[in-house]
Amino acid sequence: MHDVTEKPARDAVRQADLLQLDGVGVRLGGRQVLSDVTFSLGKGDFAGIIGPNGAGKTTLLRVILGLIEPSGGRVLLDGETLHHKNKGSIGYVPQKLVIDPDMPLRARDVVSLGLDGHRLGFAFPSRQRRELVERALCDVGAAGYADARVGELSGGEQQRVLIAHALISRPRLLLLDEPLANLDLRSEQEIVAVLGKLAREQEISVLLSAHDMNPLLGVMDRIVYVANGHAAAGPADEVVTSDGLTRLYGHRVDVIRVHGRVLVVAGEPSSFDVKG
Amino acid sequence: MHYLFEPGLLSSGPVRTALIVGTVVAITSGVIGVFTVLRGQSFAGHSLADVATTGGAGAFLVGINQFWGFLAAGIAAAALMEAIGVQRRRGRDVATGVVLGAALGAAALFLYLGTLHTATTGASFTVLFGSIFVVSPDTVPALAASGVIALLVTAVLSRTLLLTSVSPDLARARGVNVRLVGIAYLGALAVSVSLAAVAIGAVLSTALLIGPSATALRVTKSPARAMAVSALTGLAVTWLGIVLAYDSYYWPPRGHGWPVSFFVVVLVLAAYLLSYARPRRRLAPRSPHEEEGCEPVSALVAPEV
């Protein structure tokens with residue numbers, strides 16, 4: 001284990017954790033996008049990667065997925081570096097489908113692809129497959145539109161189908177890229193509730209990116225706040241403070257709490273930067 | 001054009017050959033076309049067809065079977081498209097347009113020179129608009145084998161192709177080599193276009209690739225059913241086209257049959273328009289997400305795959 005120097009608002013790496021990022025840095029196109037990102041996620045933990053647009057949230061998710069090679073540090077899953085086999089225990093939910101509304105792909109077809117869509121050859125229908133698909137759709141409350149074309153579903157419904165797609169391979173870690181983007185308030189709450197339930201009842205660790213932390217405050221065990229190429233991690237109360245975020249952003253930032261909601265506001269009145 | 005064969009549809013050798021070739025072409029185009037439309041690569045299919053025209057014309061000029069010309073040019077075009085990334089990026093349409101224009105220009109030159117050489121005009125027509133009745137029975141095994149290989153490649157890739165069309169990022173995260181799958185698929189598409197070019201001509205080959213699949217996509221909801229309906233639609237229009245072309249020998253101008261390609265393309269259009277006649281079912285209003293018939297989540301934790 002690395003010797004992790006204690007800094008405020010920084011997660012100590014715990015041996016028993018499912019996911020550990022230890023001093024991870026990322027260079028893209030010769031530019032240092034992220035440096036020294038350290039946090040960990042336990043079994044059944046619900047964590048949000050929060051930060052302004054372009055802060056590197058998606059990049060961080062892609063590093064954990066193994067799609068981007070970090071320039072420094074390491075990513076450990078169950079104490080092991082990422083390799084072909086343990087990647088199977090990560091479920092991924094992309095931000096959106098790219099499929100047209102009139103394409104003949106039902107919600108159940110998309111979920112079924114979660115079982116073995118990466119394999120070569122045919123997938124023959126079977127009772128077992130159908131039951132697994134039904135179960136995954138039920139788990140996310142999407143059974144009512146199993147036979148609808150996915151392209152015709154609303155954003156929230158598509159998110160549920162994509163979560164079921166990830167869920168059917170029985171992952172231990174679920175990564176979601178901005179699952180709440182472009183959702184109406186009600187769908188937003190419903191998706192958060194579905195994910196919270198999966199973390200609680202099936203002990204799946206959930207890590208999602210979002211630009212607004214407020215919908216997640218009730219369910220998040222910990223927050224990974226990304227800004228200015230750095231990240232601060234820990235319980236939301238400890239990370240999201242005026243001092244902590246000022247250090248992270250590198251300029252004066254005020255955290256204002258109103259009715260249980262959090263606003264992050266730029267310190268200088270000349271540059272209003274209101275976050276949710 | 002001279003279609004010289006006696007009355008008696010099925011006793012005619014050219015008609016039998018045409019029906020066999022038509023079957024291979026219809027099934028290959030029908031199945032592969034579904035993925036072409038799903039992946040939004042109709043334009044790639046059309047570009048392959050344009051370049052295949054050059055290959056067919058070149059083959060005519062040097063006196064080899066046009067199928068090999070179509071195939072060689074189609075594969076080369078597929079490789080070129082992959083290299084410059086036509087199918088990945090929009091905004092390359094200007095470069096593509098210029099290249100395709102040049103390809104058709106070269107086809108014009110080859111056909112002109114070939115016509116001077118052999119003093120027949122029929123070949124230009126055959127390359128551009130096809131003539132399934134003049135396919136030599138000797139080439140049938142090669143055509144059938146090419147079709148089977150293209151279908152096998154597509155079948156092996158089918159799940160990864162579907163996953164990629166849902167979300168390339170998702171496919172990448174699952175360990176699919178999205179680029180490699182794309183290249184292999186483009187190869188299968190090039191073969192399919194070459195086959196269709198033999199049947200109804202290089203210029204019209206896209207009709208058989210896109211038409212039946214676009215029709216199938218409108219009336220089906222699952223990919224497997226779309227492939228079946230698309231292949232059957234392709235078969236129907238091709239066979240009916242061949243029969244009508246045979247019959248047209250007795251239509252005016254008497255003694256000169258109408259081209260098969262004309263009938264096939266018209267029937268493709270008719271099938272597509274017919275698919276609009278089927279009213280699209282709107283989804284019933286959906287109940288809230290807590291669905292009836294779902295067991296409580298806690299009961300669902302245990303099962304093993």
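In this predicted model, A47(A) has L207(A) as its bridge partner in strand β8(A). That pair introduces the two strands concerned, since β3 (residues 46–50) and β8 (residues 205–210) of chain A run parallel and are joined by five bridges.

**The sheet and its helices**

Both strands belong to an open sheet of chain A, in which six strands follow the order β6-β7-β8-β3-β9-β10 with mixed pairing. At the edges of this sheet stand β6 (90–93) and β10 (230–234) of chain A, and because each has a single partner strand, one side of each is left without a neighbour in the sheet. On average, and with direction ignored, neighbouring strands of the sheet are turned by 15° against each other.

Two helices of chain A that meet strands of this sheet are set out below.

| Helix of chain A | Strands met | Angle |
|---|---|---|
| α4 (residues 155–167) | lies across β6 and β7 (173–176) | about 160° to β6(A) |
| α5 (residues 185–202) | touches β3, β7 and β8 | about 155° with β8(A) |

Helix α5 of chain A thus packs on the sheet and touches both β3 and β8, the strands that hold A47(A) and its partner L207(A).

**Chain A as a whole**

Chain A contains seven helices and twelve strands, and its C-alpha trace spans about 60 × 40 × 35 Å along its principal axes. The radius of gyration of chain A is 19 Å, which agrees with the value near 19 Å that a compact globule of 276 residues would have. Of these 276 residues, 46% count as buried, and among the contacts in chain A between residues at least 6 apart in sequence, 64% join residues at least 24 apart.

**Domains of chain A**

The chain is divided into domain 1 (19–240) and domain 2 (251–276), whose centres, taken over C-alpha atoms, are separated by 28 Å. Where the two domains of chain A meet, six residues of domain 1 are in contact with five residues of domain 2, and the residues on the domain 1 side divide into four nonpolar, one polar and one charged.

**The contact with chain B**

Chain A also touches chain B, in a contact that takes 42 residues from chain A and 41 residues from chain B. On the chain B side, the elements that give two or more residues are α6 (140–166), α7 (168–173), α9 (205–219) and α10 (223–247) of chain B, and α6(B) gives the most, with ten residues. By class, this side of chain B has 20 nonpolar, eleven polar and ten charged residues.

Definitions and conventions. Residues are numbered from 1 along each chain as its sequence is written. Chains are lettered from A and ligands numbered from 1 in the order in which they are written. This is a predicted model: local features need pLDDT of at least 70, side-chain atom pairs count only at pLDDT 80 or more; totals for chains, interfaces and linings use all residues. Domain bounds come from an automatic or database domain assignment. Two residues are in contact if their C-beta atoms, placed from the backbone, lie within 7 Å. Ala, Val, Leu, Ile, Met, Phe, Trp, Tyr, Cys and Pro count as nonpolar, Asp, Glu, Lys and Arg as charged, and the others, Gly among them, as polar. Helices (H or I, at least four residues) and strands (E, at least two) are DSSP runs, numbered from the N terminus. Two strands pair if DSSP finds at least two bridges between them. Axes are lines fitted to C-alpha atoms, for helices over the stretch in contact, and angles run from 0 to 180 degrees between N-to-C directions. The radius of gyration is taken over C-alpha atoms; the globule rule is 2.2 Å times the number of residues to the power 0.38. A residue is buried if 20 or more other C-beta atoms lie within 10 Å of its own, exposed if 12 or fewer, and partly exposed in between; C-beta atoms are placed from the backbone.
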